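Me: I'm new to this structure and would love a close look at one part of it. Could you take me slowly through the salt bridges and the helices around them?

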Amino acid sequence: MRAVIVAVGVAFLISLFCTPIAIKVFTRLKAGQPIRAEGPAMHQGKKGTPTMGGVVFILATVIAYVAGHLALTTLPDAQIAQVEPTITALVLLGLMVFSGAVGFIDDFLKVRKRNSAGLNKRGKLLGQILVGAIFGVVALYFPSSMTDAAGAATNTETVGSTTLSFIRDIPALDLTKIGAVILIIVVVMATTNGVNLTDGLDGLATGASVMVLAAYALIAFWQYRHWCADPSYTQAYCYTVRDPLEIALIAGAAAGACVGFLWWNTSPARIFMGDTGALGLGGLIAGMAMSTRTLLLLPIIGGLFVIITMSVVIQIISFRTTGKRVFRMSPLQHHFELAGWSEVNIVVRFWIIAGIGVAIALGLFYSEFLANVT
């Protein structure tokens, strides 16, 4: 727990105090956010607000991870197995950094061209597929080599699993490694685009991501306290995952970094996370679901992202098949803007929806544990 708290605190402080520096730098570089002409008219006043702020909390997360590992060196010998950086960290931070890099290219092109087009859809899709495929392969083909004092293997798990999972792996639903990599790619694409679509109002995606990441930090830490590979854990019911403390540390660090960023990103935003931040967070959240073996729980934990994404899908299908729009504008948050709701009202109420999804998911996760230990 000490290492997780250190990581959260370091990430929060770096993000809180470095974001103003990023605001000045991006303002000086004239890296202002172009606003779509077809978007809500009230958004035109946001034109020129610095973008690419996601760079700050991505870097803060990576630095906080290192700080958390320094704190791990003070843990008792029984818990020292995770002091060295692991493949789990490589996969999770890799998904965050390289998904963010795809978003950075998109943001850079928007700023350079002075319009909201950015990277074309095919290029962005290809980037997401490439990132998902690379880290999907790493997640499935590099098992842990943890050993006990006698040199016997205590954990040979991979970061991801070849089986579909809900609260834990479902052995009957084996996808094979190729099928599992394809699923990881799909999940990465879904979460990166889901967070990106949610990032339409000041602080909306940031606040929702804090809740989701905090939930994964709790899940992973609970798995660490009831971990099958822990020699000190003697109960029969445990979680078969790889490096849960690493997962908790990274999830906590990212949540803390987002809270620090939210100080400057809340309405009226002084900086936007841009596609850099949205795709980076989406990639990390996908990795969290994969590494905690809770893939089918992800749509509940990230319920707000699912709702907003579905609003876009429904709008497109309805318009193309009937020529009519279900919503005044999609994504859903813009529908309520055009209905006369204030931006702050929408953000707070959508945060409540996000919190409900997180609460339901955590309830399902914990109830499954209780049902099997009583």
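Reply: Happy to! Please keep in mind that this is a predicted model. Let's start with a pair of helices and then follow the charged side chains from there.

Helix 2 and helix 3 are roughly antiparallel to each other, because the angle between them, about 165 degrees, is over 145. Their axes lie 11 Å apart, and helix 2 passes helix 3 in a left-handed crossing. On the helix 2 side, which spans residues 54-72, the contact is made by Val-55, Phe-57, Ile-58, Thr-61, Val-62 and Tyr-65. They meet Ala-89, Leu-93, Met-96, Val-97, Gly-100 and Phe-104 of helix 3. Sorted by class, this contact of helix 2 with helix 3 has ten nonpolar and two polar residues, and no charged ones.

Helix 3 covers residues 87-113, and it also holds Asp-106, a residue that takes us to the salt bridges. As a general point, side chains of opposite charge can pair when their charged atoms come close. The model has eight salt bridges by the rule used here. In one of them, the side chains of Asp-106 and Lys-124 meet, at 3.1 Å from N to O. This pair links distant parts of the chain, with Asp-106 in helix 3 and Lys-124 in helix 4 (residues 121-141), 18 residues apart. Asp-106 counts as buried because its relative accessibility, 1%, is under 20%. Lys-124 is buried too, with a relative accessible area of 15%.

That pair is part of a wider group: Asp-106, Lys-110, Lys-124 and Asp-275 are linked in a network of salt bridges. Asp-275 is a useful signpost, as this residue of helix 8 is also among those in contact with helix 5.

So let's turn to helix 5 and helix 8. The axes of helix 5 (residues 176-198) and helix 8 come within 7 Å and cross at roughly 140 degrees, and the two helices are therefore oblique to each other. Their crossing is right-handed. From helix 5, the residues in the contact include Ile-184, Val-187, Val-188 and Thr-191. From helix 8, besides Asp-275, they include Ala-278, Leu-279, Gly-282 and Ile-285. By class, the contact of helix 5 with helix 8 has ten nonpolar, five polar and one charged residues.

Past helix 8 (274-291), in the loop between helix 8 and helix 9 (298-301), sits Arg-293. Arg-293 is buried, with a relative accessible area of 3%, and its side chain meets two partners. One is Glu-157, in a salt bridge of 3.3 Å from N to O. Glu-157 lies in the loop between strand 2 (153-155) and strand 3 (163-165), 136 residues apart from Arg-293. Glu-157 is partly exposed, at 22% relative accessible area.

The other partner is Asp-169, whose side chain meets that of Arg-293 in a salt bridge of 2.8 Å, N to O. Asp-169 is in strand 4 (residues 169-174), so this pair ties together parts that are 124 residues apart in sequence. At 23% relative accessibility, Asp-169 counts as partly exposed. To picture this spot, then, think of a buried Arg-293 bridged to Glu-157 and to Asp-169.

Notes:
Residues numbered from 1 in each chain as written. Predicted model: local features only at pLDDT ≥ 70, side-chain atom pairs only at ≥ 80, totals over all residues. Heavy atoms only, no water. Axes fitted to C-alpha atoms, helices over the stretch in contact; angles between N-to-C directions. Helix = DSSP H or I, 4+ residues; strand = E, 2+ residues; numbered from the N terminus. Parallel < 35°, antiparallel > 145°, perpendicular 65-115°, else oblique. Left-handed = near helix turned anticlockwise from the far one by under 90°. Contact = heavy atoms within 4.5 Å. Nonpolar A, V, L, I, M, F, W, Y, C, P; charged D, E, K, R; others polar. Salt bridge = Lys/Arg side-chain N within 4 Å of Asp/Glu carboxyl O. Buried < 20%, exposed > 50% of the residue type's maximum accessible area, 1.4 Å probe, protein only.
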